[in-house]
Amino acid sequence: MKKRFLAILLTAVFALSSLAVLCLSPSVKGEIPAASLPYALKTNIGALNIRAAADPSSTFLGQVDKDVLLYPVQQVGKWYKFKLSGGAYGYVYGSYVDNATGAGSVSVSAANLRTGPGTEYSSLGTWPGTPQSL
């Protein structure tokens with residue numbers, strides 16, 4: 001009986017240690033931007049090149065106009081990585097974007113909150129009547 005219990009115990013320990021070695025333990029999926037990254041970047045030149053890697057000689061993916069907001073997921077040296085609409089990732093050089101993250105305020109008696117950036121989006125309700133910082 002003791003031999004059988006010992007065999008089961010050793011098998012369980014081996015199985016669990018194998019899972020740990022194979023990195024099959026649960027983890028967070030997807031990319032979460034680091035807290036040190038700006039929430040949004042605003043392009044400061046027209047026709048800013050988007051590259052496939054953080055390298056000026058990497059594959060050209062397209063261009064973005066001036067004053068467009070980009071939402072970085074990673075910083076690689078002086079480059080910012082962001083997700084493109086098709087699901088791929090692109091990189092822009094940091095000298096051509098400015099940090100667009102900043103505090104704002106609401107100074108109206110009531111502001112409509114919507115599900116998107118425009119009046120065509122459905123309403124979520126109204127911001128409280130007291131002016132508050134964002």
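This is a short tour of a predicted model, one selection at a time.

Residues are numbered from 1 along each chain as its sequence is written, and side-chain values use heavy atoms, with hydrogens and water left out. Because the model is predicted, local features need pLDDT of at least 70 and side-chain atom pairs count only at pLDDT 80 or more, while totals for chains, interfaces and linings use all residues.

**Whole chain**

Start with everything shown as a cartoon. The protein has one helix and 12 strands; helices (H or I, at least four residues) and strands (E, at least two) are DSSP runs, numbered from the N terminus. From the N terminus on, the helix precedes the strands. Of the 134 residues, 18% count as buried; buried means under 20% relative accessible area, exposed over 50%, and partly exposed in between, with a 1.4 Å probe and protein chains only.

**Strands β5, β6 and β7**

Select residues 79–83, which form strand β6. Four of these five residues are buried, so β6 is largely enclosed by the rest of the structure.

Add residues 72–76, strand β5, which pairs with β6 in the antiparallel sense over four bridges. Two strands pair if DSSP finds at least two bridges between them. Gln75 has Tyr80 as its bridge partner in β6. The two strands form a hairpin with two residues between them, and Gly77 in the turn has a positive phi of about 65 degrees.

Now add residues 89–93, strand β7, which runs antiparallel to β6 and is joined to it by five bridges. Here Phe82 has Gly90 as its bridge partner. This hairpin has five residues between the strands, and Gly87 takes a positive phi near 100 degrees.

**Rings**

Show the side chains of Trp79, Tyr93 and Tyr96, which ring pairs link into a cluster. How many aromatic pairs does a search of the whole structure find? It finds two. Rings of Phe, Tyr and Trp (its six-membered ring) pair if their centres lie within 6.5 Å; planes under 30 degrees apart count as stacked, over 60 as edge-to-face and the rest as tilted.

Trp79 and Tyr93 are edge-to-face, 5.3 Å centre to centre with 75 degrees between the planes. Trp79 lies in β6 and Tyr93 in β7, so this pair ties together parts that are 14 residues apart in sequence. Trp79 is buried at 11% relative accessible area, and Tyr93 is partly exposed at 26%. Tyr93 and Tyr96 form a tilted pair, 6.0 Å centre to centre and 55 degrees between the planes. Tyr96 is partly exposed at 36%.

Next, select Lys81 and Tyr89. The charged end of Lys81 sits over the ring of Tyr89, 4.5 Å from its centre; this requires NZ of Lys or CZ of Arg within 6 Å of the ring centre and within 35 degrees of the ring normal.

**Thr43 and Asp67**

Move to Thr43 in strand β1. Is Thr43 buried or exposed? Thr43 is buried, with a relative accessible area of 1%. Its side chain has a polar atom 2.9 Å from the backbone nitrogen of Asp67, and also reaches the backbone nitrogen of Val68 at 3.0 Å.

Asp67 lies in the loop between β3 (60–64) and β4 (69–70) and is partly exposed at 46%. Most residues other than glycine have a negative phi. Asp67 has a positive phi of about 65 degrees although it is not a glycine.

**Ala47**

Finish at Ala47, in the loop between β1 (41–43) and β2 (48–51). Ala47 is not a glycine either, and has a positive phi of about 55 degrees. At 41% relative accessibility, Ala47 is partly exposed.

Definitions and conventions: A polar contact is a pair of N or O atoms within 3.5 Å; within protein, one must be able to donate a hydrogen and the other to accept it, and residues adjacent in sequence count only if both atoms are side-chain atoms.
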